[in-house]
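The exercises below concern pairs of oppositely charged side chains; please work through each task before reading its solution.

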Amino acid sequence: MAKEKIEHLGGCERKLVSMIAVCPVYILPTRALIRSASRRQKVGCLLALTAGFSPTPTSVYGVNGRRAAYSGSMEIPAKARPCYSAASSTSYRGAIVADGHCRNLAYFFCQATDSRINNAIAVLRGLIYLLAHQQPRLISHVRKYTDAGKSLSDANAWFALSDILVGMLGDPNVKPTCLVVDALDECVIDLPKLLDFIVCISSDRIKWLLTSRNETIIEKKLKSNNARTRLSLELKENAMEVSHAVDVYIDDKLSGLEALQDDALLKDQVRDILHNKANGTFLWVALVVQELSMDGVESWHVLQIVEEVPPGLDGMFKRMLDEIERNKRDSEFCWRILSVVTVAYRPLHLDEIGRLSGLPEQIVRSTENIQKIVAKCGSFLTVRDNHIYLVHQSAKDYLSDQASPLLFPSGVAVTHHDISDRSLKLLSGKLQRDVYGLCIPGFSIDHVRVPDPDPLATVRYSCVYWVDHLCNWQSSDDSKHPDIFQDGGIVDGFLRQHYLHWLEALSLCKSMPQGILSLAKLESILQHSSITSQLPSLVTDMHRFIIYWRWVVENYPLQVYASALVFSPARSITRGLFTQEERKWITSRPIVEDNWNACRQTLEGHGGPVNSVAFSPDSKWIASGSNDRTIKIWEAATGSCTQTLEGHGDWVRSVAFSPDSKWVVSGSDDSTIKIWEAATGSCTQTLEGHGYGVLSVAFSPDSKWVVSGSDDSTIKIWEAATGSCTQTLEGHGDGVLSVAFSPDSKWVASGSADSTIKIWEAATGLCTQTLKGHGDWVRSVAFSPDSKWGVSGSNDSTIKIWEAATGSCTQTLEGHDGWVLSVAFSPDSKWVVSGSNDRTIKIWEAATGSCTQTLEGHGDRVLSVAFSPDSKWVVSGSDDSTIKIWEAATGSCTQTLEGHGDWVRSVAFSPDSKWVVSGSNDRTIKIWEAATGSCTQTLEGHGGWVLSVAFSPDSKWIASGSSDRTIKIWEAATGSCTQTLEGHGDRVRPVALSPDSKWVVSGSDDSTIKIWEAATGSCTQTLEGHGDGVNSVASSLDSKLIASGSNDTNPPHYPRYGIDMSKRWITKGSENWLWLPLEYQSQCLAAAASTIAIGCSSGRVLTMKFTTDS
């Protein structure tokens, strides 16, 4: 370090510089020099501290201080560009080359009371910004995301930003870098993630300097880094250095006071008084200087003010409260505002604070009036961008503790109750249907623009936090308000009148996950034994409602009044309450189940089939791997996707959590295994060695080992910490489709396409048993939690339970109609769950082998299943690209809707619109009453899929074409088959009857059209000319002409209502109007005037009628 720089520093700072030069990990306190009050001083100090930086082993430095050791600044840095200005940039560039060495310095100053800079994502943004500014070549790591059009501010922000910063710090061209995070304890959002990130970043060119008060979580997390060093600035030996730093700050602040500019003697007197009273605290000095800077303070006032100010922060805060108390006219309003701000979960907007504080109407109707009251709250509060912040965390601590009798005379719980009560009244007055005037039912949240003025401006906070305040009150004492949870009470009344409006508002505020958690909290507190109302059952139903419809309402707010109501169970309390809110343009609604089924949530987001799913051991998270080459991490409680992990070059076949929930392992068709840090989403290792795709992966129960099975017919065991392959197990005659560790880590089981299961000794790699019995590929294997049993699922449609010790098969479970693709034991070993090609999940009693439940709902084969660690839930992943969460205890189907057993390939209306006919892959034709949706007949006879159906113009006959190469003619009234027409050389795709009912025309994959005499069944003509399969045929009205289409990929167009290209929306013109849940996804459609019939992949036929003028 340059000599003049060292001399400029105090003793404590010099000590810090010397430690940074030699120590790898370093921990500093809140009273540290880097918390000095001005940005320029903070930056200057950091420059000096890091000027002597040289590459040494990985470093995390920290400084630790007691809770009462506060420091602070009246200036708050911007969120995206922390503490950065042109002046500091210039001085920085000079400093980093002063001693001939070039290095980077990135820093971030957290503040708990400022929502812009109190979270882990903001820390990463700030560090990335400064690194890119100082070394522009590193911007390429940012462009990797921005050039690909990926967002850095959505649900994946943490993953994206951490990946960018890891890339920057690992860049071979990065200069030696010091990363500084001040007030780490004031990072109140995602602090554990940030700590894990700091500990995991390892490089001999990177050092961390951290400051924090004594916080257990910080101490615990950083202890895992054995190379850290801690310096406590609370020690008496450092008191002089801290005092010196405060003196420098006093000199800097007094030099800018206009009242002292021409009086050196007065300045010296004031300096001496401030020095004696500051007690080594920057914030105290800042507050005094702020008072001296107020309008109307003259030079002859200064000495009196500083003499009257009590020493130390507590004395200063007490004086501020006394001044508020002396203002008799407005003191009550100040107490109300301070009490609300103190307990609020985020900084409040000026439009919110007035009514939440219960201020008089004359005040709250004017933002200017509210600002005046806020200004009278001493120096406790500051206003930025119309949001109210506590000046510092120390102010909040003082108000919550020592000022509590004044602010909360009846207890803090009463304030929570008052905020909740006022919130509900505010929401009841503001919320309404389509509050933003979107009009179109399928209007996307991505296209919503907040109107000016914003109708939700005064209730945004209330919308998200009213339940939290209610819970804080209720957990203390609800005896003073016995009626709040009773029928007709304020909570019951709000939910019955405004629940759907609230969900719409949550979507518009982009706070749907918080809303789901709020309902869960409310449901929990309503278990109180003294509550005898109907409210608990109402809230339980509403919780089910929002969990099930989260995705569509979150992305299309007005669908809460459309799809969510139309397709909810008929006996849902929520649906019954809001029948009047159902869309009036839907005049005939589909038949739905009576009650909620076992499926709690459907998680959508993957762009391809979901091959593997896994619960984290704490049941909080779900990992999924997909053909879209990504792994997604989902929050189990809300269904929100928190991270998308990218890096594999091919399909992700298998995912698993480590037993401590810290890591996720994935196997891919790109022949690699990747280990990911669950908290940050960063890929820590890529394991290479298999010759073909990796089909299955698993952690050992002690998290030390990873086992993988591959299409190269081998199993490999890897050391998780180093990524080295310790064993390769050979013996299978075909690809290894599934692997599993025993719970005691002693054994590995593998299932293979050679139809066998093998048991291997993990320590030696010896194969101890080969289990034979399946008649086809063994798709999945698992151990019971007590290691006594093994379970396997096979392409032979069976599940087998094996005794692990002897290898004998004790039970064979039969019931699936297709391959069994995944099996798992429940954590208590009592149950086995299986997923199959037949699109169902079955739950079996392990002891008896009886099937207790069959869960239906997926639109394609079920590729992966797993129990939650508490055995309450089952998660499944499917070829339909979704993940479903099922309630294990109540998985029995409450109602079976009559329908097809496989995809519906074709639907058609009768000419009088009274009937619908459908053809399915289950080889049957069904006739449905259009008005009621009830099935009146099932016609059987085809030997293959029924690909096309049509009514005759007089509605008496039905024609059907099949993959069995035949056309059948059926009498509609009786269902009897009167003729079977044979002659095509391939599947019969379309069929149609001429308007005079004399002729049947058919098109086939053999590229021909045939015309048949309906009365006799004879083929009168074969029309050739198409070069590929014929997909569509039609006869002219006079029966003289036939039109045919081949390979026409354009969807049919209906003048009013139709289906969009994704098959998930009923459209009106070009606009999306009604979202179709996955089980109603369209495979084919028929329209007659304003009535639509939809054939679904689930086998259902959906009929709906709309108004002709919506």
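**Exercise 1.** In this predicted model, determine whether Glu323 is buried, partly exposed or exposed, and find which residue forms a salt bridge with Glu323.

*Solution.* Begin with the accessibility: Glu323 has a relative accessible area of 31%, and since the partly exposed class runs between 20% and 50%, Glu323 counts as partly exposed. Next, look for the partner, which is Arg319, with the closest N and O atoms 3.5 Å apart. Finally, place the pair in the chain: both residues belong to helix 14, and because they are 4 residues apart, about one helical turn separates them.

**Exercise 2.** Find what links Glu308 to Arg319, and state which residues make up the network of salt bridges.

*Solution.* Glu308 and Arg319 form a salt bridge whose closest N and O atoms are 4.0 Å apart. This pair links distant parts of the chain, with Glu308 in helix 13 (residues 299–308) and Arg319 in helix 14 (residues 312–326), 11 residues apart. Glu308 is partly exposed at a relative accessible area of 48%, whereas Arg319, at 13%, is buried. The network of salt bridges joins Glu291, Glu308, Arg319 and Glu323.

**Exercise 3.** Explain why the salt bridge between Asp251 and Arg271 ties together parts that are apart in sequence.

*Solution.* The closest N and O atoms of Asp251 and Arg271 are 2.6 Å apart. Asp251 lies in helix 10 (residues 236–254) and Arg271 in helix 11 (residues 264–278), so the pair ties together parts 20 residues apart in sequence. Asp251 is partly exposed, with a relative accessible area of 37%, and Arg271 is partly exposed as well, with 25%.

How values were computed:
Residues numbered from 1 in each chain as written. Predicted model: local features only at pLDDT ≥ 70, side-chain atom pairs only at ≥ 80, totals over all residues. Heavy atoms only, no water. Salt bridge = Lys/Arg side-chain N within 4 Å of Asp/Glu carboxyl O. Helix = DSSP H or I, 4+ residues; strand = E, 2+ residues; numbered from the N terminus. Buried < 20%, exposed > 50% of the residue type's maximum accessible area, 1.4 Å probe, protein only.
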